[in-house]
Amino acid sequence: MIYKNRVMEYLVAEKGYNKEEIKEIKGVWGKNLPPFYTTVIFKDEPSIIYSYFAHNDIKQFEYRSLNNEVNLKSSDLKHYEPY
C-alpha cells in the first residue's frame with residue numbers, strides 16, 4: 001500500500017498526471033527481484049502495464065503488453081520513462 005501511494009503521488013505531483021488518467025494502480029509481490037513493486041495502467045493505454053520501483057527513488061523499470069504484443073517499442077508508448 002505504501003509503494004502504491006508513493007507511485008500515485010509521484011505520477012500526480014512530479015509527472016503532472018491527473019488521478020482520472022490512471023485506470024489502475026496496484027502493489028505486487030514478485031516471485032523474483034524486486035520482491036515488491038507497483039504496476040500502473042493508464043486509461044489511454046489500457047493494454048500496457050508499466051512497472052515501478054518505489055523503494056528509494058521512484059523509477060519505471062519495465063513495461064509489457066497485456067495482449068502479448070511482440071514488437072512493442074518504447075518509442076510507441078505514451079507513458080514510457082527512459083532510465
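## Strand pairing

Two strands are taken to pair if DSSP finds at least two bridges between them. In this predicted model, strand 2 and strand 3 (residues 45-53) run antiparallel and are joined by 4 bridges, and a hairpin of 2 residues leads from strand 2 to strand 3.

Strand 1 (residues 22-29) also pairs with strand 2 in the antiparallel sense, here over 7 bridges. The position of T39 within strand 2 illustrates both pairings, since K26 stands opposite T39, while the bridge partner of T39 in strand 3 is S51.

## Burial of strand 2

Strand 2 (residues 36-42) is largely enclosed by the rest of the structure, because 7 of its 7 residues are buried. The burial extends to both faces of the strand: on one side F36, T38, V40 and F42 are buried, and on the other side Y37, T39 and I41 are buried as well.

## The salt bridge

The count of salt bridges in the model comes to 1, and this contact is formed by the side chains of E24 and K26, with an N to O distance of 4.0 Å. In general terms, side chains of opposite charge can pair when their charged atoms come close.

Buried means under 20% relative accessible area and exposed means over 50%, with partly exposed in between. E24, at 32% relative accessibility, therefore counts as partly exposed, and K26, with a relative accessible area of 42%, is likewise partly exposed. K26 thus takes part in the salt bridge with E24 and also stands opposite T39 of strand 2, a residue that is itself buried.

Technical notes: Residues numbered from 1 in each chain as written. Predicted model: local features only at pLDDT ≥ 70, side-chain atom pairs only at ≥ 80, totals over all residues. Heavy atoms only, no water. Buried < 20%, exposed > 50% of the residue type's maximum accessible area, 1.4 Å probe, protein only.
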